[in-house]
Amino acid sequence: AGLGANLAADAVYPMIRTDAAGEVPVGEHDYVLRFSADDLPPAGAFWSLTMYDGEGYTVPNAIDRYALGDRDPLRYGDDDSLEIIVSREDPGGDWAPNWLPAPDGPLGLTMRIYDPQAPALDGGWSPPPLRRLGS
């Protein structure tokens, strides 16, 4: 919506407003967004996930990373699943490429799916639940 916005046939922007428990995600907790191999974002061009604070702004972080997507060198599981870690602290090791740094307070997570395929347009696909780690 808005002046100059892309048509849905060109791009859709799913937002993750709550975690799997129905709570607003906050930077004081760690989360994982897990895509199974057969349920990755249905993009004909590319997709990304961008982190915002509760006011809708990107927040500086130590690695200058504000988004992750299929054009990044992500680490996939042996079953071709993808887990994106959302947390304030670097998970380190093999998880570092999949880390999306989070600020304190409420989080805003917005996906961008360019050249969305039919499931993203007809309601057959939505982002997986954002699961809080350690609970």
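This is a short walk through one structure, stop by stop, and the model is a predicted one.

**Stop 1: strand 8**

Start by selecting residues 107-116, which make up strand 8. Is this strand mostly enclosed or not? Seven of its 10 residues are buried, so the rest of the structure largely encloses strand 8.

Now bring up what pairs with it. Select residues 43-53, and you have strand 4, which runs antiparallel to strand 8 over nine bridges. To find your place along that pairing, pick Tyr-52: its bridge partner in strand 8 is Gly-108.

Next, add residues 11-12. That is strand 1, and it also pairs with strand 8 in the antiparallel sense, over two bridges. Click on Ala-11 and look across to Tyr-114 in strand 8, which stands opposite.

Then add residues 15-16 for strand 2, another antiparallel partner of strand 8, again with two bridges. Here the residue to click is Ile-16, whose bridge partner in strand 8 is Leu-109.

**Stop 2: Arg-34 and its acidic partners**

Hide the strands and turn on side chains. How many salt bridges does a search of the whole structure find? The count is three.

Select Arg-34 and Asp-79. Their side chains meet in a salt bridge, 3.1 Å from N to O. This pair links distant parts of the chain: Asp-79 sits in the loop between strand 5 and strand 6, Arg-34 belongs to strand 3 (residues 31-35), and the two are 45 residues apart.

Keep Arg-34 on screen and add Glu-83. These two form a salt bridge as well, with the closest N and O atoms 3.3 Å apart. Arg-34 is in strand 3 and Glu-83 in strand 6, so the pair ties together parts that lie 49 residues apart in sequence.

With Arg-34, Asp-79 and Glu-83 shown together, you are looking at a network of salt bridges. Switch on a surface and check each member: Asp-79 is partly exposed at 46% relative accessibility, Arg-34 is partly exposed at 35%, and Glu-83 is partly exposed at 22%.

**Stop 3: Ser-81**

Stay in this area and select Ser-81, in the loop between strand 5 (67-69) and strand 6 (82-87). Is this serine buried or exposed? Its relative accessible area is 7%, and the cut-off for buried is under 20%, so Ser-81 counts as buried.

What does the Ser-81 side chain join up with? Draw a distance to the side chain of Asp-79 and you should find a polar contact of 2.7 Å. Asp-79 is also the residue that meets Arg-34 in a salt bridge.

Now show the neighbours. Leaving aside residues up to four places away in sequence, Ser-81 touches Arg-34, Phe-35, Ser-36, Ala-37 and Tyr-76.

**Stop 4: Arg-88 and Asp-104**

For the last stop, select Arg-88 and Asp-104. Their side chains meet in a salt bridge, 2.6 Å from N to O. Arg-88 lies in the loop between strand 6 and strand 7 (99-101), and Asp-104 in the loop between strand 7 and strand 8, so the pair ties together parts 16 residues apart in sequence. With the surface back on, Arg-88 comes out as partly exposed, at 37% relative accessibility.

Definitions and conventions:
Residues numbered from 1 in each chain as written. Predicted model: local features only at pLDDT ≥ 70, side-chain atom pairs only at ≥ 80, totals over all residues. Heavy atoms only, no water. Helix = DSSP H or I, 4+ residues; strand = E, 2+ residues; numbered from the N terminus. Buried < 20%, exposed > 50% of the residue type's maximum accessible area, 1.4 Å probe, protein only. Polar contact = N/O pair within 3.5 Å; in protein donor to acceptor, adjacent residues only side chain to side chain. Contact = heavy atoms within 4.5 Å. Pairing = 2+ DSSP bridges. Salt bridge = Lys/Arg side-chain N within 4 Å of Asp/Glu carboxyl O.
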